[in-house]
Each structure stands twice: as structure tokens, then as C-alpha cells.
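Reader: I am in my first year and would like a close look at a single part of this model. Could you take one helix, go through it slowly, and then show me where it sits in the chain?

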Amino acid sequence: MEHTNIKAPQSENQFFIDSKQLPPKALAKKHRLERDPSSRKNHMEYLPGMEQIHSDVCRNVLTQIESYDPSRYTARDVKAALEHNTCTIEDFKALLSPAADPFLEQMAARARLETSRHFGNTVYLFTPLYIANYCENYCVYCGFNCYNHIKRMKLTMEQIEHEMKVIADSGMEEILILTGESRTQSSVSYIGEACKLARKYFRMTGLEIYPVNTDEYRYLHECGADYVTVFQETYDRDKYETLHLLGHKRVWPYRFDAQERALMGGMRGVSFSALLGLSDFRKDALASAMHVYYLQRKYPHAEMSLSCPRLRPIINNDNINPLDVHEKQLCQVLCAYRIFLPFAGITVSSRESAVFRNGIVKIAATKVSAGVSTGIGDHESKYTGKEPAGAKGDEQFEIDDSRSLDAVYQDITDEGLQPVLNDYLYV
């Protein structure tokens, strides 16, 4: 698969890769999207069929982002934040600021105390299952984007059940079902049938799919889905526009309201995240937490959690990286999350190293993935070493931590913590 970088007058140039497999007409359209903003649809306008719920949460979150200047906080503000029993919004902003860098050890101690107080010494385990990698969006940093030449695949129900059985046989009891963002290839009914199969093998089923309307979330919940994860990617609307050039994902407000629609549709829980490294990570971290904060007050019965992924290299483009978000900054964000939102779950995925994940579960994280594959149809080969009979689809991004469930379980135990596969009973 030959790809070449192109020249473009935008800061996203390191993301732009041309495949020699693209026909001239498709290549010309791709270049127009990258170089000519007038060729792209308004990213703030809803497309036909997209439900509008007119929530006040978005306005509140944007107000907090717009008023946040990380540079104005001082060491004195950080010290005061750490001394307060309850972390206010202003305290949280101080803990995310550069002024908090020298206080990381104190932040970690406070975060560890809050985690122990509200979650004990437990760490929850899950694994993702990608069932399709077809996508209709052009998100320039994503391995699944419609202009990236990769092996595409959509699992049949028989293949999905086989993958689920392989995973369940390893001892895993919670699964996260993922697809590329293509309604054409991965319809809501297709995802619903996968949820029904998951209930045969797992106690908990999550979804990380394209955003849908309230009635569709209700249908998926009835099929067996318990919670929904949506990455906003970045809350910076201007930056979002230059990164998401084509497809339904381009519509920023529809994506923002996805978690609220999921809760309106009966989902028990929702998870939030920005992809750190796309824009100002401090403002994106603030926005993610404020999104949880305001929805938690509106839906106090719901379980809410945060993820904190960083950019990872993708097939055909290893220039993609998390820019200025290093492990120290990631740790700062996670500690600030825990201090500000002590009841929220915090997930750290296999994008991060085993060493980092082993350390952060002792401080702030409450959930980690194990036995991970971001490819399609390859769990049998990764879990048993036996090559599957059919073809496999390419991965969305490179993972860093490839440990098996047994290895992650043992490492968590060795840290003096209690791994938990499930704590739900259906009656």
C-alpha cells in the first residue's frame, strides 16, 4: 500500500496521506476537501435525520472552555485547590494548568486517596471487539478513514459469535463492541443483533459506534447494550472543522449530544473522551470533565466515566503522534479528573504502555482493557495462535500494551489491587 505525503496549507499536513490506490476522481475530491474549506459542509449544521434535543449542556460546557486561560493560574491557586475538601470548577482549572506541573506528586497522593475512598482497591477489566471497519467519514488522523487504503471487513453474525466465544473462553465478562462509522455497512439493526449475541456470553456490553438518535439508542439498549462511549475527539470547534472533512461525524453538535440522547434512550451509563493531541489538551480535558459534570447533575442516576486516550500511529501514517501530551501531562489530567469527579469511572486503554497503566491504576484509573485487538476477526489468532479460516480486517491504530487478560489480571494482583471482571447481576 503506497502512500505519499502531500503539501497543503494547513497545520494538519502531517496527517494528509495520499494512497496510490485512489482513482483520480476520488483523489481530486480528497484534495479539494483538504485545501478548500468552501468545499466542505458547515460542521455546525445538522444533516437530515439527525435528532436535535436543544440541551443546555453544550452551552454550559462551551462557556467554561471560552473563559479558561490556563496561563493565569499560579502555584498559590494549585495549593489552595489541593487544600480544599471539595474541588470546585476553579480548583479543577488550576489543577489542569501549567502551574500544577511541580505539584504532580501531591496531586497523585490526593487522587489516590479519592480513588480508594470511592472505589476501594478494585480495577475493572474489559476488552474491545471490532466487528467492522468500514467508514464513511474523512477524519484525517484515523486509520479507518474512508480515504485510507486498508483491508476492510465486516463480520457476519456467525463470525461475531465465534469471536465472542473465543473472548469469553479467556474469562472476560465485559465487552465493548465497536464499528467504523458507516450506517450503510454497519446498520443499527446489525449492531443490535451483535448486542443480542453478546448477552449470551458477557455480563456487560458497551458500544462505541457512530452517534444515533434517541429511539435508536433505546432499541440498542433493548437488544442488550448497557452503556455508550463517544469520543468527541476535540471540543475545539474550529480545530474540529479542519480534522473532520467529510461524513456525518463532521457535525460537531450532533456528536456532542450523543451521550445525552443515549441516556434519554435508557442506557445505564455513558463514557466521554477527547483524543488528546488534536488540539489544546488542557482545554479538551477541561471540556470532557465539564461535559460529565453538567450531565451528572441532569441525570444523577446514570453511571458516567471518562477515558483519556492519546493519538497513536495508524496504518500508512506513523507521523501521527500526541504532540505535547507526554505521560507526565497525561498523569496530571487523570489526577485532576479524579480529584474533581471522585465518583466517575476512569478508563485507560491499551494505547498506553503496560508500565504506565500498572502505575495509574494505583492512583486514579478504575478500568483498563486487556487482551486487546483493534483489528477485525483476529481474536482467535491473538488468543490461541490459531489462524482464522477467513480474512482479517486492518486495525484502527497501533496499541502499546498487548498483554493478555491473564497477564493484566496477574499484574494488577501483584500491585495489591483486586481485578474485577464483573459486578452486575441481571434479575
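Author: What follows is a close look at helix H1, with the chain around it. This is a predicted model, in which local features need pLDDT of at least 70 and side-chain atom pairs count only at pLDDT 80 or more, while totals for chains, interfaces and linings use all residues. Residues are numbered from 1 along each chain as its sequence is written, and side-chain values use heavy atoms, with hydrogens and water left out.

The chain has 16 helices and 13 strands, where helices (H or I, at least four residues) and strands (E, at least two) are DSSP runs numbered from the N terminus. Helix H1 covers residues 24-35, and at 1.5 Å a residue its twelve residues should span 16 Å, which agrees with the 16 Å between its end C-alpha atoms; the expected span is 1.5 Å times one less than the number of residues.

In H1, Lys30, His31, Leu33 and Glu34 are buried, and they cover an arc of only 160° around the axis, so they lie on the same side of H1. Here buried means under 20% relative accessible area, exposed over 50%, and partly exposed in between, with a 1.4 Å probe and protein chains only, and the arc is that of the directions from the helix axis to the C-beta atoms. On the other side of H1, Pro24 and Lys25 are exposed. The buried residues of H1 pack against strand S2 (17-19), strand S4 (138-139) and strand S8 (244-246), with contact taken as heavy atoms within 4.5 Å.

Between H1 and helix H2 (57-66) there is a loop that holds His54. His54 is not a glycine, although its phi is positive, at about 55°, and with 70% relative accessibility His54 counts as exposed. Glu233, in strand S7 (residues 227-233), also has a positive phi, of about 75°, without being a glycine, but Glu233 is buried, with a relative accessible area of 6%.

As for the chain as a whole, 61% of its 427 residues count as buried. Its largest nonpolar core has 133 residues, and Tyr141, Leu334 and Tyr337 have the most contacts inside it; helix H12 (residues 281-298) gives the largest share of this core, ten residues. Such a core is a set of buried Ala, Val, Leu, Ile, Met, Phe, Trp, Tyr and Cys residues joined through side-chain atoms within 4.5 Å.
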